[in-house]
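I opened this model to look up two things, the sheet and the ligand site. My entries follow in the order in which I made them.

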Amino acid sequence: MQDVGFGYHGGAELLSNVTLSLQPGMFHFLTGPSGSGKTTLLRLLYADLLPSSGRIQAFGHDLADMGRDDIATLRRRVGVVHQDTQFLDHLPVAENVALPLNIAGQHVDMDALRDLLGWVQLSQQARALPPELSGGERQRAALARAVILSPDLILADEPTGNLDWDMSMRLMQLLIELNKSGKAVMVATHDLNLIRATKAQVAARVLRIAGKSLQSAGADL
Ligand SMILES: Nc1ncnc2c1ncn2[C@@H]1O[C@H](COP(=O)(O)OP(=O)(O)OP(=O)(O)O)[C@@H](O)[C@H]1O
Ligand SMILES: [Mg+2]
């Protein structure tokens with residue numbers, strides 16, 4: 001992102017002069033008060049919103065020059081865990097997790113799917129329906145779905161929102177593992193304890209949205 005500005009419906013700027021570079025292997029936290037624009041910034045990063053000013057480049061291409069197909073390709077390289085995770089409630093967990101493969105027209109490798117569900121510790125819940133899952137199980141299913149296409153970048157929006165501490169840390173462990181395997185990870189959260197606990201394990205940059213701009217949060221966390 002270079003000098004990016006954004007306001008909804010052309011209204012007042014919510015984000016202004018945001019410059020940010022996400023490189024492979026980097027771990028970023030994005031923090032800031034409720035309503036400061038964390039979700040909005042993530043949506044700009046996966047081209048769900050277009051900037052009002054400035055430029056966003058992804059994988060060497062300017063988003064402004066991208067057609068629908070290019071955007072679809074970009075989305076395959078960016079895995080998103082949404083703040084309010086939605087599933088198709090009539091389909092079992094395994095099928096929900098595999099959905100991005102089906103949408104991308106890719107073959108579902110059942111062994112790989114089984115491994116992925118094992119990784120997020122949902123092997124027992126593979127045939128369950130989403131409404132039968134606990135909050136932590138839902139978030140882990142959402143993470144599995146976000147990474148099934150082996151994205152280069154993972155954007156997680158308050159992934160531990162309604163989880164207790166142990167489950168939050170378990171989910172963070174999965175994100176740390178992904179990061180250690182070379183993927184860029186960005187986690188939006190207002191939970192400073194979560195940031196501190198994660199920083200003890202991985203070199204994470206903490207960015208904060210304050211007064212429309214993006215600042216680097218220092219040791220004052
Ligand atoms: N689709 C939309 N249309 C108009 N305004 C919006 C839209 N989505 C969000 N906003 C507004 O933009 C501001 C930033 O919202 P955003 O969801 O990015 O904040 P956030 O930092 O993610 O907050 P939270 O911590 O509560 O998730 C809020 O004032 C919100 O009301
Ligand atoms: Mg949000």
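Before reading any pairing I fixed the term: two strands pair if DSSP finds at least two bridges between them. I also noted that the model is a predicted one.

Entry 1, the hairpin. I began with S10 and S11, which run antiparallel and are joined by 4 bridges. Which residue of S11 is the bridge partner of Arg208? I found Gln215 in that place. The two strands make a hairpin with 2 residues between them. In the turn, Gly211 has a positive phi of about 55 degrees.

Entry 2, the other pairing of S10. I then looked up strand S3 (residues 27-31), which pairs with strand S10 (residues 204-210) in the parallel sense, over 5 bridges. Phe29 stands opposite Val206 in S10, and Leu30 has Leu207 as its bridge partner there. I recalled that side chains in a regular strand alternate between the two faces of the sheet.

Entry 3, the whole sheet. I traced the order as S7-S8-S9-S3-S10-S11, an open sheet of 6 strands with mixed pairing. Which strands are at the edges? They are strand S7 (78-81) and strand S11 (213-216), and each pairs on one side only. On average, neighbouring strands of the sheet are turned by 20 degrees against each other, direction ignored.

Entry 4, helices on the sheet. I followed helix H1 (residues 38-45) and found that it lies across S3, strand S8 (153-157), strand S9 (184-188), S10 and S11. H1 runs at about 155 degrees to S8. Helix H5 (residues 135-147) also packs on the sheet, where it touches S7 and S8. The direction of H5 makes about 165 degrees with that of S7.

Entry 5, the ligand. I listed what surrounds ligand 1: Tyr8, His9, Leu14, Pro33, Ser34, Gly35, Ser36, Gly37, Lys38, Thr39, Thr40 and Gln83. By class, I get 3 nonpolar, 8 polar and 1 charged residues in this shell. Which side chains did I check for polar atoms by the ligand's oxygen atoms? Ser34 has a polar side-chain atom 2.6 Å from an oxygen atom of ligand 1. For Thr39, a side-chain N or O atom is 2.8 Å from an oxygen atom of the ligand. For Gln83, a side-chain N or O atom is 2.8 Å from a ligand oxygen atom. How much of the accessible area of ligand 1 does the protein cover? I noted 61% of the 640 Å² that the ligand has on its own.

Terms used
Residues are numbered from 1 along each chain as its sequence is written. Chains are lettered from A and ligands numbered from 1 in the order in which they are written. This is a predicted model: local features need pLDDT of at least 70, side-chain atom pairs count only at pLDDT 80 or more; totals for chains, interfaces and linings use all residues. Side-chain values use heavy atoms; hydrogens and water are left out. A residue is near a molecule or strand if one of its heavy atoms lies within 4 Å of it. A polar contact is a pair of N or O atoms within 3.5 Å; within protein, one must be able to donate a hydrogen and the other to accept it, and residues adjacent in sequence count only if both atoms are side-chain atoms. Accessible areas come from the Shrake-Rupley method with a 1.4 Å probe; for residues, only the protein chains shown count as cover. Ala, Val, Leu, Ile, Met, Phe, Trp, Tyr, Cys and Pro count as nonpolar, Asp, Glu, Lys and Arg as charged, and the others, Gly among them, as polar. Axes are lines fitted to C-alpha atoms, for helices over the stretch in contact, and angles run from 0 to 180 degrees between N-to-C directions. Contact means heavy atoms within 4.5 Å.
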